[in-house]
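Colleague: Could you take me through one part of this model in detail, the nonpolar core and the contact between the chains? I'd like a connected account rather than a list.

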Amino acid sequence: MEQFVFWCIAIFIVLSAFFAMIMKNIFHCALLLAAALFGVAGIFVYLGAEFLALVQVLIYVGAITILIIFGIMLTHKMMDSKIIVMNKQVVMSAVITGVLGTLIILTIYSTAHWILPALKNSESGYLTHSITTASVTKNKKVVTDVYTLGPALINPKKGFAFAFELVSILLLSVLIGATVIARKDQEG
Amino acid sequence: MSGSLKLLKLINVILEHVYKFLGLTNPIPEVINAFITAAISFAVISVFVMFLVWMERKVSAHMQSRIGPNRVGPFGLLQTLADAIKLTTKENMEPQKRDKIPYFIAPIIAFVATFMGVVVIPLDKGVTIQNLNIGVLYIIAITSFTVIGILTAGWSSNNKFSLIGGFRSAAQIISYEIPLVLSLVPVIMITGTLDLQKIVEYQAHAGYWFVGPQIIGFLVFLTASTAESNRAPFDIPEAESELTGGFHTEYSGIKFAMFFLGEYISIIIGSSVAVSVFLGGWIAPAFMNFLPVPGFFWFVIKVLLVIYLIMAFRWTFPRLRVDQLMDFGWKILIPIAILNIFLTGLWILWFSKGV
């Protein structure tokens with residue numbers, strides 16, 4: 001059952017991401033992108049990280065996709081179905097995706113220590129067996145609720161308080177910069 | 001004590017008997033249980049929405065010195081039922097140059113997104129459909145989907161009015177989501193939890209409702225949630241005099257009914273959150289503690305009161321212009337909400353000597 005759910009979500013993500021790439025109508029692409037991001041949130045729920053899932057929905061689906069859709073709708077002739085969505089750089093893109101893909105797979109295998117014992121234990125040896133919530137909690141206590149995440153993020157000694165503040169300053173300056181640019185446009 | 005708890009158990013017991021009768025295994029599979037719970041809550045909510053539509057028409061009639069619906073059923077109570085039957089059996093008109101698939105799924109997205117918020121509302125002590133320890137965040141995240149439904153509806157209808165309505169709605173919902181979230185932050189800071197059930201329990205222990213110390217937050221929340229559900233005075237997405245029907249101009253029959261239902265459900269969710277967070281949820285008012293009434297009763301009474309307030313807004317305030325709306329959201333509500341967070345932080349520091 002758990003595997004079935006995993007495969008359903010995974011196929012949903014892959015299909016919607018694939019069609020987001022090949023669709024001619026850019027608005028449909030944006031909608032499918034939202035679907036794919038929502039599917040990723042589903043994977044987070046499946047792994048027992050509800051907080052991360054909700055943040056994913058709130059930020060990626062609720063804000064970023066809508067910004068993209070806004071951008072598409074407000075850009076001149078962007079909704080025209082005649083604009084070029086595809087280009088012909090097959091070799092280049094194959095090389096880049098290949099390298100990135102290998103890098104990601106290598107990283108997963110070298111960092112996720114909890115996968116390997118579960119792989120040995122499970123009879124069928126499927127990777128998905130180890131990705132179920134049950135095995136995560138069995139092998140290593142991974143607590144992902146707000147009460148652990150919050151202090152871990154901004155604890156002055158162990159956490160990432162400095163990085164956190166740095167990011168907030170960056171975002172603030174981006175916000176002010178965007179406003180300044182928009183205002184100039186209005187006056188000129 | 002709580003009758004609604006018994007009710008839920010009763011439903012469960014009946015389900016188990018049905019299962020045994022069908023020769024299926026006990027206990028009930030979780031998936032089927034979830035489906036049945038969803039169906040029951042959908043039915044209850046739909047009936048409640050019908051009542052609300054009737055109430056809205058009565059309230060508006062009262063405000064305009066009219067009588068309102070009074071022909072179908074006692075006090076016109078069955079008028080909405082008749083309207084609902086009319087809507088669902090109506091011919092489904094669709095524009096020929098619509099974008100077929102998005103046009104079809106838009107009302108579904110808008111409706112499902114709002115309906116999903118019902119799940120975490122605390123109905124009584126320990127009674128929620130599914131309690132999440134991040135309930136507040138869940139409601140905010142899930143309801144932000146509505147924007148996608150509305151934008152899709154506006155775009156796929158292939159109609160200028162719909163598109164402008166969709167734009168306005170998205171801009172409005174995104175802008176007002178910020179004060180909505182910020183107004184809830186002080187309560188989360190005080191209680192230290194995102195669980196709606198625990199926020200209500202905190203108020204029960206503390207002996208006061210947050211509407212007292214957090215009156216600013218309550219007002220900001222009420223305003224922002226009225227705007228979130230696209231209601232007057234913030235109804236520029238469907239301003240009849242400018243945009244005929246806004247994003248749902250091209251929708252008819254059952255699809256229009258879904259948008260309509262979604263709007264009312266979002267009112268219900270907004271006021272339920274307001275009641276749970278600021279008005280003590282299922283807690284009985286102090287002077288009526290002796291009454292042997294389940295907490296669910298008080299919850300519904302409070303929700304109805306808040307909804308009445310939102311309805312009164314609609315019939316007393318004129319509609320805002322787009323620029324006024326944006327100014328009000330960004331230049332008044334957000335600064336107030338941030339100031340409120342700051343003051344609450346000081347208050348917590350002062351009283352707990354540094355947490």
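**The core and the chain contact**

Modeller: Sure, and keep in mind that this is a predicted model. Let's start with the largest nonpolar core: it has 96 residues, and B:Leu151 and B:Ile265 are the ones that touch the most other members. Helix H11 of chain B, residues 253–278, puts in the largest share of this core, with 12 residues. There's also another core lying apart from it, made of six residues, including A:Phe6, A:Ala10, A:Ile13 and A:Ile43.

Now look at B:Leu151. Skipping its neighbours within four places in sequence, B:Leu151 is in contact with A:Phe27, A:Ile66, A:Ile69, A:Phe70 and A:Met73 on chain A, plus B:Gly166, B:Phe167 and B:Ala170 on chain B.

That takes us to the contact between the chains. Chain A brings 24 residues to it and chain B brings 24 residues. About 2,100 Å² is buried between chain A and chain B, and carbon and sulfur atoms give 85% of that. As for charges, the rule finds zero salt bridges across the interface of chain A and chain B. Polar contacts come out likewise: zero residue pairs, counting those with both residues at pLDDT 80 or more.

On the side of chain A that touches chain B, helices H2 (26–46), H3 (50–74) and H8 (146–154) of chain A each supply at least two residues. H3(A) gives the most, with 13 residues. By type, that side of chain A splits into 19 nonpolar, three polar and two charged residues.

Conventions. Residues numbered from 1 in each chain as written. Chains lettered and ligands numbered in written order. Predicted model: local features only at pLDDT ≥ 70, side-chain atom pairs only at ≥ 80, totals over all residues. Heavy atoms only, no water. Contact = heavy atoms within 4.5 Å. Buried area = accessible area lost by both parts, 1.4 Å probe. Salt bridge = Lys/Arg side-chain N within 4 Å of Asp/Glu carboxyl O. Polar contact = N/O pair within 3.5 Å; in protein donor to acceptor, adjacent residues only side chain to side chain. Helix = DSSP H or I, 4+ residues; strand = E, 2+ residues; numbered from the N terminus. Nonpolar A, V, L, I, M, F, W, Y, C, P; charged D, E, K, R; others polar. Core = buried A, V, L, I, M, F, W, Y, C linked by side-chain atoms within 4.5 Å. Buried < 20%, exposed > 50% of the residue type's maximum accessible area, 1.4 Å probe, protein only.
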